[in-house]
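Visitor: Could you pick one helix in this model and take me through it closely? I'd like to see how it sits in the rest of the chain.

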Amino acid sequence: MSLSLVARLTLFDRPADRVIQIGVLTPQSGAAKELGRAIREGVELYIDQINRAGGIDGVPLKSLVIDDSDDPAAARAAAEKAVAAGVVGVVGHWSGEAAEAAADVYRAARVPALTPAPPPVSGARGNDPWLFHMTFDRVFETRFLANYVRNVLGEKVVSIIHQRGAEEEALSQSFDEVMQRFGTRVLNRWEFDPAAPDVADRLARIVAELRESRVSGSIVVLADPHPAGAVLAALRKGGVRNRVAGLRSMATQAFLDSFRDAWSAPGSAASGLHGSFASTPLMYDTAGEMAQNFRTDYIKAHRTPPDWVSAIAYEGARRLVMDMAPRGARRLPAEDVTGLRERIHSALAKPGRVVTGLLGPLTFDAKGSAAPTAYVGAYDGAALIAALTQLSPIREENIGNYLDELVAGRALYVNDRFMYKTNVVYAGVTIDKITAFDPNAGTAELALNLWFRWRGEFAPQDVVFTNAVQPIKLDKPERQVQVGDMLYASYRIKGSFYTNYSSVERAYGTHVVGIGFRHRTLARNNLMYVSDVLGMNLNSTTSLAESISGSLSGGVETADAEGSMLGRAMRWLGHEPGDQQQDTLTQMLLRLRALAGAPGWTVGRAWISQDVVERISEGDPAFVGFGKPQPNFSQLDMGALLKLDTIDVRDYLPSESLIYIAIIALVGSILARLLDGKDRGQFWRMQTLGLRLVCWPFLLLAGGNMALDYALANAPTGAIDMVVGVYSVLWWIIPARLATISLERFIWVPLELRAARKVPNVIRMFTALVIYLFAFFGVIAYVFAKPVTSLLATSGLMAMIIGLAVQANIANIFSGIVLNIERPFKVGDYIKASQTVMGQVVDITWRTVRIRHLDGQIVCLANGKISEAEIHNFSDTDANFVRTQLFIDPTYDPRLISRLVKEALDSFDCFLNLASNYFGPDCQYKGVECASGVWAARYRVKFYLAKGNDEHKILHEVWTRVWERFQANGIHWSPPVPGEVNETTVPSPLLLPPPISPEERPA
């Protein structure tokens, strides 16, 4: 919770007092409660996804679920309650009657409402421009089914069973009218009342009539989901084996639940469902990627596959949210609920606006009705799969070859319009071996097994492999059989294919390996590829009947892929795990050891999917010209996501958690920086270091992976390589930086505290240089994949040249190391160096020693000269012993000279005396000496000078005072002995008074 709060406050600027409500008005009780549950779960899934992504511009969504009981009066009351609660829009109502009853409320309050309910059959709709029906009306659907039964299934005799009601009676009549157009009659029409107490007896009598009359042909059931399930169960239990077809109600989970409850015959319920047909606005095995992702997320959330009802409800919530803000806008308009309602309605009612969603391209006409594509599903056992022939509407204008299409059998006249007769070809692929996988070249060699199963006219040889390096031609099939009107052909293929051919989202470092193929000439209007989930043993969760399939045939439960490697791989793609089909494909590749020829790689995810791709016409007259169809082809992809067979953080962390980790790590890093400004001892420094040791790797991990994923999806190859290089280099630099900080905190600082001496910067810098040098070699060896030995060999000559050029500096560096090892002095000591410089050491660097001279200036001496010079260290004493010589005429009394010198120096307070354990200033007579024929008396003056005094200034003052005392007593200097050097502890020259001639000497 705390992580989410930080993320919301940091990234999304979420208003605390604002929430957007979407009304969900569905039957939560009664016979239609299962349908209401499907609507509610579809809407709530979308709302949950939006809220997990931060809401709409930080504003959360909320569903307001109200029970409309599938009753007109209750639906009106529920609509009034939702409007009063301030919803921005409504999704719901199962029946057309309930939706129409609430339409007046929506129109008066100006609230847009999207409903999966079809318009009433009677067509007597009120003026309700705020109510939008997301499915085709039932009259269209009934006529569509009649055309399919007659022209595709080829039935010439049909019987109808419908529930009692004016709408069902009208639908029955419409079905009969279509059949009569083709010279086909409806042989029997039976009616039953699902609410009657004797409904079971009525159904039994219908079954008895069918058996006694031995009625042939198909039986069409026109009823709601629950009655339709009971009718089919009664027919199969009664031994009626005629083909059964029905409307969209037979493609719902509620129908399957009803059938399961009513089934009591011997054998499995799947056998009773097998062979039945149902029209539906959505078939998942022919749907695109968006619908497949919805199905995956729904299974993860509810442990059962969705039907088309949940998908339409999800799409309704999506349309409401999409239309709240202008297209391309990043922020939610600062409008009240009324303004958002108006904005949504304007977008929904915009003429000609087409939005692609789960149901494909969807638009609303002037009456607020949508016209999605109608599909026909066939039950293979309990699995509802796409029938092998579909009818697709011809949407193009001014096409003049309708008759040609009709004669060729590629089009039918359905519901007063022409429709393509689309062959559905089931195709399956297995990858036996992946060899010669080269991520740098982007190619891999694949050994494949490819098969097709179809009815009608289809040439498997006319297949184009979209990612083949060289064109691959299918010649003679390995196996070819025909069972009835069903044809089958399988091929063995081996070739080189380009990797990363798919636009599927993937993480950096992973590669998509597989194939994609389409027909060479037949567009989707005439040919639709569908993945053969039955032939690939992927039917465990392929149909919406999965949940009852287990219960009707042994109680097999849906496996949860959350903890599997597949689940982690799906998180890489931004989706939660849960699709057992993908997990089964992954296990199949691992079981076949498909990656035996690609060591070091493993399968993260495998999938097979179909979609519609637009290709250039290549000048084909069938696609060129006004009114011609677009060259949209059905394409089937079978891919595997390969990743390095190493431990990866994404195996354990979902991608959406990276942003939270980055935020927490960034906050921790900033906190460590702020705490460093308040140093409170070694323990405090260890805490800030610990924060860095934890936060910096996680910050680099999360931020780097997000940067890599963003660059992979949006940046060119050069930018991706740059991001990868920076990210890889930082994994060496940051540990090096942490190592230098750790060395400072755990070695140098404790050493200084224990020794009470400052560690010179030369040692600190040298060790840091060594650490960064190792990091540099690591970058060269592992990031840029260059051998370090070659680098050292090729750089040897350059190192020698540089060494000769800077040999003096190198000597100074090593001299500095020696000085720090022997430690003749340390920072803060008073020293005298080279007999010329005296002062306090303020710094020892990698090249020089810096001394603050007693005169105040900073003197920098090279370490090489310091190591060779005579060093006087005064740090362990309080005094500096000084002695100098004095030459006087030997005729003067030595006792007088000594007394005068002592008197001159006694009043000077810069000398240490006996009270400080040092003797005071002293002057000693050393005898008479002759040099160069000149005789002079030599005296030695000694004293201790307090540490910190400038010796040159003190000597100047000493000679001044002595001179004054001698002048006052009439004593003159004798000339100094030529060539004699004065003895002193100070290397600076002693300036003696100039010699006095005998004539100037006093008597």
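Guide: Sure. A contact here means heavy atoms within 4.5 Å. With that in hand, in this predicted model, 70% of the chain's contacts with a separation of 6 or more join residues 24 or more positions apart. The chain has 27 helices and 33 strands, and buried residues make up 51% of its 1003 residues.

Let's zoom in on helix α3, residues 72-84. Start at its beginning: a side-chain oxygen of aspartate 71 comes to within 3.2 Å of the backbone nitrogen of alanine 73. From there the helix runs for 13 residues, which at 1.5 Å a residue should span 18 Å; the C-alpha atoms at its ends lie 19 Å apart, so the two agree.

Now look at what is tucked away. Ala75, Ala78, Ala79, Ala82 and Val83 are the buried residues of α3. Viewed down the helix axis, they fall within an arc of 135 degrees, so they line one face of α3. That spacing fits a general pattern: an α-helix has 3.6 residues a turn, so residues three or four places apart point the same way.

What does that buried face of α3 pack against? Its partners are two strands, β1 (20-26) and β2 (61-67), plus two helices, α4 (96-109) and α13 (337-348). Over on the other side of α3, Ala73, Lys81 and Ala84 are exposed.

Finally, follow the backbone just past the end of α3: there glycine 86 adopts a positive phi of about 85 degrees.

Technical notes. Residues are numbered from 1 along each chain as its sequence is written. This is a predicted model: local features need pLDDT of at least 70, side-chain atom pairs count only at pLDDT 80 or more; totals for chains, interfaces and linings use all residues. Side-chain values use heavy atoms; hydrogens and water are left out. Helices (H or I, at least four residues) and strands (E, at least two) are DSSP runs, numbered from the N terminus. Buried means under 20% relative accessible area, exposed over 50%, partly exposed in between (1.4 Å probe, protein chains only). The expected span of a helix is 1.5 Å times one less than its number of residues. The arc is that of the directions from the helix axis to the C-beta atoms. A polar contact is a pair of N or O atoms within 3.5 Å; within protein, one must be able to donate a hydrogen and the other to accept it, and residues adjacent in sequence count only if both atoms are side-chain atoms.
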